[in-house]
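Student: Could you take a close look at one part of this protein with me? I'd like to follow one thread slowly and see where it leads.

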Amino acid sequence: MNSFLKISNIWKYYSGRPVLKDISFEVSRGEYFVVLGPTGAGKTTLLKILAGIVSPDKGEIYIDGKPMVNVPPEERGVGYFPQFFNLFNHMTVWDNVCFPLLVKGIDIVEAEKICKEMLSLMHLLDRADSYPYELSGGMRQRVALARALATGAELLLLDEPLSQLDAKLSVELREELKSIARSLGRTVVHVTNNVEEAVELADRIAVMNNGYIIQVGSYDELRRKPKNLFVEYFLSDVNVFRAYVLDPHDGLLRSSSDVCFKFRVKPLCEDASSLLRSGGEVIVCVDSDVIVLDPPSDSGWNVFDAIVEEVLFHRGGYTYILKTCCGATKIMMKVMDEMEVGIGCKVKVGFKTSDARIYDVSEYDSILYHGG
Ligand code: TTP
Ligand code: MG
């Protein structure tokens, strides 16, 4: 890979506790790279280390081939958008963007040209004379973005840059941000806990949890071959069942919490098959969008009677929460179009026995709590 940013084996401890654990990845020139993880994963710490605001305890960082660990922030050539950014409240929008350029020694004609261009990109030119306290949260966020872009730095480090925007504006700015970064030829490391944002923006996503980068890849790669239960659970709406193995050869399982909920999981890949030991417990994942209404009643399908408990509308479709009639297991089913069954209706639903994915039961903890 022709890497523009390379970080190798970064460790960071706070009060003796590791918060970044052996982090390594490379970002190529011009790439839009998103670090995605839950709160407390270590995303901000990682970005601050890249910006030079925090020092790592171990590891190396290279930008454009040059070692960075002992280089101060202002000499790294990065534009940093902090998670909790501050604007200068006594300065206008214009000065907030222009002043840092003048401090850097850029001459005033050039600084004003850049300032105008960046404020125009962020649709803020008409608010150039306003003060930050006269703006909405979303506008302030765009001023901070304009300021980060105005540095002209080839590497942009953006820590949750869209988090203070309402949902609609956030979606609009997502698209703009990517095209701006592309048209200005910037390399971006963008941190977020929002999966949809990551999917729309990223050339590649690094999934982070508990101080580790767990997997790096395109969204398709991560969805097709998630490295562990956490990646699968964090990236998509999956049904997760904890279950005992009744018959490893036939792939017959029984929910650990609901004796009535039995299902089969065959055929499995060799690795997953080896997890099926008689009497053992496993975790089973089934995507919510492979659950179907009125499935065929042949041996390749698990079929259940269920009651519709909830119907949720969201961007891209509907989620039905179904409760199996025989016990208390809930099944989540995602569909594009609303179905002709409402709350309280009895339905038959099911999934193909081959659509289940199996993980070791020890991975269950990774999805229970990830609050840092
Ligand atoms: P962050 O790097 O702040 O985690 P994050 O950015 O992924 O979280 P968020 O989405 O909420 O912004 O913190 C990582 C861990 O480091 C977390 O467990 C808190 C811990 N920590 C300290 O112990 N001391 C510190 O000074 C900081 C900044 C973090
Ligand atoms: Mg953070």
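Student: Does R315 count as buried or exposed, and what is its relative accessibility?

Tutor: Before we start, keep in mind that this is a predicted model. R315 counts as exposed, because its relative accessibility is 52% and the cut-off for that word is over 50%. As for its place, R315 is found in the loop between two strands, β16 (301–314) and β17 (317–324).

Now let's see who is around it. Leaving aside residues up to four places away in sequence, R315 touches V171, R174, E196 and E200. For a contrast, pick G30: 285 residues separate it from R315 along the chain, and their C-alpha atoms are 30 Å apart.

Two of those contacts of R315, R174 and E196, have something going on between themselves. Their side chains meet in a salt bridge, with 3.4 Å from N to O. This pair links distant parts of the chain: R174 belongs to helix α5 (residues 167–183) and E196 to helix α6 (residues 195–201), 22 residues apart. Why can such a pair form at all? Side chains of opposite charge can pair when their charged atoms come close. How open are the two partners? R174 is buried, since its relative accessible area is 4% and buried means under 20%. E196, on the other hand, is partly exposed, at 36%.

Stay with helix α5 for a moment, since it also holds K178. K178 makes a salt bridge with D203, and the closest N and O atoms are 3.4 Å apart. D203 sits in the loop between α6 and β9 (204–209), 25 residues away from K178, so here too the pair links distant parts of the chain. With a relative accessibility of 16%, K178 counts as buried, while D203, at 28%, counts as partly exposed.

The structure holds 16 salt bridges, so let's visit one in another place. R357 pairs with D287, and their closest N and O atoms are 3.2 Å apart. R357 is in strand β20 and D287 in strand β14 (residues 281–287), with their positions 70 residues apart in the chain. R357 counts as partly exposed at 26% relative accessibility, and D287 counts as buried at 10%. This bridge has company: salt bridges that share partners join R223, E232, D287 and R357 into one network.

Those two strands, β14 and β20, also take us to a sheet. It is an open sheet of five strands in the order β13-β12-β11-β14-β20, with antiparallel pairing. Why are β13 (262–264) and β20 (357–360) its edges? Each has a single partner strand, so one side of each is left without a neighbour in the sheet. From one strand to the next, the twist averages 45°. Further along that order you can look at β11 (residues 238–247) and β12 (residues 252–255), which run antiparallel and are joined by four bridges. One detail to find on screen is V245, whose bridge partner in β12 is L253.

To finish, here's a spot of another kind. F88, F99 and V103 form a nonpolar patch on the surface, with about 260 Å² of accessible area together. V103 is in helix α2 (residues 93–103), and it counts as exposed, at 60% relative accessibility. So, like R315, which counts as exposed at 52%, V103 is over the 50% cut-off.

Note on methods. Residues are numbered from 1 along each chain as its sequence is written. Chains are lettered from A and ligands numbered from 1 in the order in which they are written. This is a predicted model: local features need pLDDT of at least 70, side-chain atom pairs count only at pLDDT 80 or more; totals for chains, interfaces and linings use all residues. Side-chain values use heavy atoms; hydrogens and water are left out. Patches are made of residues with over 30% relative accessible area and no salt bridge: like charges are joined within 9 Å, nonpolar side chains (Val, Leu, Ile, Met, Phe, Trp, Tyr) within 5 Å. Accessible areas come from the Shrake-Rupley method with a 1.4 Å probe; for residues, only the protein chains shown count as cover. A salt bridge is a side-chain nitrogen of Lys or Arg within 4 Å of a carboxyl oxygen of Asp or Glu. Buried means under 20% relative accessible area, exposed over 50%, partly exposed in between (1.4 Å probe, protein chains only). Two strands pair if DSSP finds at least two bridges between them. Axes are lines fitted to C-alpha atoms, for helices over the stretch in contact, and angles run from 0 to 180 degrees between N-to-C directions. Contact means heavy atoms within 4.5 Å.
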